[in-house]
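Reader: I'm new to this structure. Could you show it to me and walk me through the fold?

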Amino acid sequence: MANQLRTKLGCKVSYWKIYKGREIAKSLARGTHEREYGVLDAYRYMLESTNPRSKTALQVDENGKFKYFFVAYVAWIQCFQQLRKVIAVDGTFLKSKYEGVLLSVVAQDAENHIFPMAFCVVDKECDASYQYFFEQMRSYVDDTDELCIIYDRYSSIQKMLSIVYPSAHYAKAYNIVEFYDHFNQIRDMVPKAAEHLESV
């Protein structure tokens with residue numbers, strides 16, 4: 001961009017000014033993070049108005065600062081009732097001024113495509129964030145012994161799951177031998193889930 005400005009307009013502009021100008025232009029076109037976080041409640045209201053029976057939840061701390069934002073569209077909720085009760089939970093870090101973590105849960109449809117079930121933007125990956133996420137999901141994902149939850153990374157997630165989903169099946173393994181021990185237990189308890197996982 002510096003070369004284009006120099007050749008087309010005869011102006012010498014520093015990279016710093018170009019960077020700042022680009023950031024200002026982006027905020028004018030897309031809006032700022034501060035503004036977007038500020039209108040989350042209005043967005044939540046509009047989402048529920050246009051998608052009745054969708055599940056949304058916004059939580060802020062005692063100072064009005066963002067903590068959690070949960071979304072599950074009604075189409076996802078209704079379709080999940082027809083799917084295998086095997087879900088996968090994961091989180092990814094958001095790269096923006098305010099950072100945060102995007103938690104998501106997915107299932108698999110009859111054609112083996114990934115099917116989204118819910119997402120939740122949280123301030124950080126911790127026990128409280130996961131507990132909030134699972135408590136929101138609990139309103140439409142029943143706690144049954146058919147439910148199998150797959151997760152990785154965050155080590156104390158099993159504690160949160162056992163509180164919200166005490167009947168579900170989940171396991172943690174650090175090597176292949178432990179994995180097969182747990183997998184054989186799943187096969188004994190829920191053969192359909194093991195069959196499905198093997199086909200995947």
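**Strands, helices and a patch**

Reader: Let's start small: in β6, what is the bridge partner of Val89?

Author: Strands, like helices, are DSSP runs numbered from the N terminus, with at least two residues (E) for a strand and at least four (H or I) for a helix. Strands β3 and β6 run parallel and are joined by 4 bridges; two strands pair if DSSP finds at least two bridges between them. In β6, the partner of Val89 is Tyr151.

Reader: Before we go on, what kind of model is this?

Author: Residues are numbered from 1 along each chain as its sequence is written, and side-chain values use heavy atoms, with hydrogens and water left out. Local features need pLDDT of at least 70, side-chain atom pairs count only at pLDDT 80 or more, and totals for chains, interfaces and linings use all residues, since the model is predicted.

Reader: What is the order of the strands in the sheet?

Author: The sheet is open, has 6 strands and shows mixed pairing. β1 (55-60) and β6 (148-151) have a single partner strand each, so they stand at the edges with one side lacking a neighbour in the sheet. From one strand to the next, the twist averages 15 degrees. The order is β1-β2-β5-β4-β3-β6.

Reader: Which residue in β4 stands opposite Asp90?

Author: β3 (residues 86-93) and β4 (residues 101-108) run antiparallel, with 6 bridges between them. Thr92 has Leu102 as its bridge partner in β4, and Gly91 stands opposite Leu103. Opposite Asp90 is Ser104.

Reader: Which residue takes a positive phi in the hairpin of β4 and β5?

Author: β4 and β5 run antiparallel and are joined by 8 bridges, with Gln108 partnered by Ile114 in β5. The hairpin has 5 residues between the strands. The one with a positive phi, near 65 degrees, is Asn112.

Reader: At about what angle to β2 does helix α6 run?

Author: Contact means heavy atoms within 4.5 Å. Axes are lines fitted to C-alpha atoms, for helices over the stretch in contact, and angles between N-to-C directions run from 0 to 180 degrees. Helix α4 (residues 40-50) lies across β1 and β2 (66-72), at about 165 degrees to β1. Helix α6 (residues 127-137) lies across β1, β2, β3, β4 and β5 (114-122), and its angle to β2 is about 30 degrees.

Reader: Is Phe179 buried, partly exposed or exposed?

Author: Phe179 lies in helix α8 (residues 176-189). Buried means under 20% relative accessible area, exposed over 50%, and partly exposed in between (1.4 Å probe, protein chains only). Phe179 has 39% relative accessibility, so it counts as partly exposed.
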